Amino acid sequence: MTKIVNHWIGGKTAEGASGTYGPVTNPATGEVTTKVAFASVEEVDAAVAVAKEAFLSWGQSSLATRTSILFRFRALLDAHRDEIAELITAEHGKVHSDALGEVARGLEIVDLACGISVQLKGELSTQVASRVDVASIRQPLGVVAGITPFNFPAMVPMWMFPLAIACGNTFVLKPSEKDPSASVRLAELLAEAGLPDGVFNVVHGDKVAVDRLLEHPDVKAVSFVGSTPIARYIHTTASANGKRVQALGGAKNHMLVLPDADLDAAADAAVSAAYGSAGERCMAISAVVAVGAIGDELVEKIRERAEKIKIGPGDDPTSEMGPLITKAHRDKVASYVAGAADEGAEVVLDGTGYTVDGHEDGHWIGISLLDRVPTSAKAYQDEIFGPVLCVLRTETYEEALEIVNSSPFGNGTAIFTRDGGAARRFQLEVEAGMVGVNVPIPVPVGYHSFGGWKDSLFGDHHIYGNDGTHFYTRGKVVTTRWPDPADAPTGVDLGFPRNH
Ligand code: NAD
């Protein structure tokens, strides 16, 4: 029987009332295993109303109450890592070890949220003028919404809600309709941890649900992670509706390899970062820029390693790379490889037409490696979001930097070198939000914020870390004067108040 995934509103399952459902497919078999309820405007309104009501008490709850619940949630999440990873693998397709990795990185943000008391400490200046003190405090916003992509169905929601609720907000999550089960399991664990009903809600769906969140007058802020065109739309629409917005978009992440780099280490890193999770990561390396005479040797080392990757179902412990999310996406990825030669690239490895015995209906594609890709090629310009690595060649560091900085995207980037001076120059000169030095996927730890530049992020705040706390709170400054009874009356003074 087909499993049904329903909404989670007010601390319990809410059956879909709109009558509209979307299919959820196991990408390794191509089989529709689940149907997910799509929320109507009225169902989104119901979730926001419940969250608004819950904010009245949650926004006033003590830090001790909030953090004790988050500590219990952390313990439950830790105990249920495997189960959540299995849900991810069944709907996303990534291999189990990779799914466990995403849960672990989400847990880092829960760790951060458990320590929210330290981050929310205000500032106090005493005696700024005679008997006058000034305090800066930060307060929650109210109901905040999160809209998340398919590629990290547990981690990306956890980039948002632990900090949002730790700051005293209530939350409505609209996860990807392609792999919705993990978000509901997280909601159940939050409830088990003692989170009051209505503080965390999940509504599933498509544009109808998203658009209602973007225009709803009671939603105060929107966090979005997904593709660039939708991120731009979310930022424009939610801003026009007066909301605070952070909208993280797509990427084309470059890895520069300088002639002095350890080429074996660089090849290991390029292969892991390009083909891990079948390239469906916003921090995947999708373009290697080989600088100087090392190009041929580097491409050969990448080819040797890439050819050995074992592709198969994510629940097979011997698989290193799983299928792509949908057949349509698989076909789109394949079209970039098919067109690459005509665009002037050398096709070193062609992963199109790949299949896995016994799983012929899965969304499979093999490993593709394209060399000497011109910057005019679509395979270079677009975010492919699949296991396709483009190699570009340049004579100098400056030309390589120019390529990276000309990209409309600026999410992550990396440099591989033994030259500290070159690495330092790169980290200052490159136009990207996250930089790795001999680190191919520089995803910041929870207590540093994550975010790209240019078309990879719209809005002023990066996500989680201090930026997260700032995003989910607003500042207030309180100026207090307690006159001494012995003070002479100040009398009326129409001049602008001065401190003395
Ligand atoms: P997507 O933009 O298609 O979908 C993201 C969310 O937006 C989903 O919840 C979806 O239901 C909703 N959505 C889709 N179309 C919409 C529309 N027309 N109107 C309103 N809402 C809409 O992204 P995806 O395919 O799920 O995820 C992959 C993309 O996300 C890639 O581009 C990847 O780079 C990006 N991503 C970025 C980051 C980052 O941190 N910058 C992290 C993960 C993924």
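**Exercises on a predicted model**

Helix 7 (residues 181-192) contributes three residues to the lining of the second largest cavity, the most that any element gives; the model is a predicted one, and the exercises below start from this cavity.

**Exercise 1.** Describe the second largest cavity by its volume, its lining and the character of that lining.

Solution. Begin with the volume, which is about 50 Å³. Next, list the lining, which is made up of Trp8, Gly11, Ala187, Leu190, Ala191, Leu195, Pro196, Asp197, Gly198 and Phe200. Finally, sort these residues by character, which gives seven nonpolar, two polar and one charged.

**Exercise 2.** State how many cavities of 30 Å³ or more the model holds, and characterise the largest cavity.

Solution. The count comes to five cavities of 30 Å³ or more. The largest cavity has a volume of about 110 Å³, and its lining consists of 15 residues, with Gly279, Ala284, Ser286, Glu383 and Phe385 lying nearest its centre. By character, the lining of the largest cavity divides into eight nonpolar, four polar and three charged residues.

**Exercise 3.** Test the length of helix 4 (residues 96-114) against its expected span, and then work out what its buried residues pack against.

Solution. The helix has 19 residues, and at 1.5 Å a residue it should span 27 Å; because its end C-alpha atoms are 27 Å apart, the two values agree. The buried residues of helix 4 are Asp98, Ala99, Glu102, Val103, Gly106, Leu107, Ile109, Val110, Leu112, Ala113 and Cys114. The buried residues of helix 4 pack against helix 2 (63-79), helix 3 (81-92), helix 5 (116-119), helix 6 (155-166) and helix 16 (465-471).

**Exercise 4.** Classify Gln127 and Ala278, two residues with a positive phi, as buried or exposed.

Solution. The background is that most residues other than glycine have a negative phi. Gln127, although not a glycine, has a positive phi of about 60°; Gln127 lies in strand 6 (residues 123-129), and because its relative accessibility is 52%, above the 50% cut-off, Gln127 counts as exposed. Ala278 likewise has a positive phi, near 55°, and its place is in the loop between helix 10 (263-275) and strand 14 (285-291). With a relative accessible area of 1%, under the 20% cut-off, Ala278 is buried.

**Exercise 5.** Set out the domains of the chain and the contact between them.

Solution. The domain assignment gives domain 1 (3-249 + 456-478) and domain 2 (253-437). Taken over C-alpha atoms, the centres of domain 1 and domain 2 are separated by 31 Å. The contact takes 20 residues from domain 1 and 24 residues from domain 2.

Note on methods. Residues numbered from 1 in each chain as written. Predicted model: local features only at pLDDT ≥ 70, side-chain atom pairs only at ≥ 80, totals over all residues. Heavy atoms only, no water. 1 Å grid on protein atoms, 1.4 Å probe; cavity = no way out; pocket = protein on both sides within 12 Å on 5 of 7 lines; lining within 4 Å. Points joined across faces, edges and corners; volume = space filled by probe spheres on them. Nonpolar A, V, L, I, M, F, W, Y, C, P; charged D, E, K, R; others polar. Helix = DSSP H or I, 4+ residues; strand = E, 2+ residues; numbered from the N terminus. Expected span 1.5 Å × (residues − 1). Buried < 20%, exposed > 50% of the residue type's maximum accessible area, 1.4 Å probe, protein only. Contact = heavy atoms within 4.5 Å. Domains from an automatic or database assignment.
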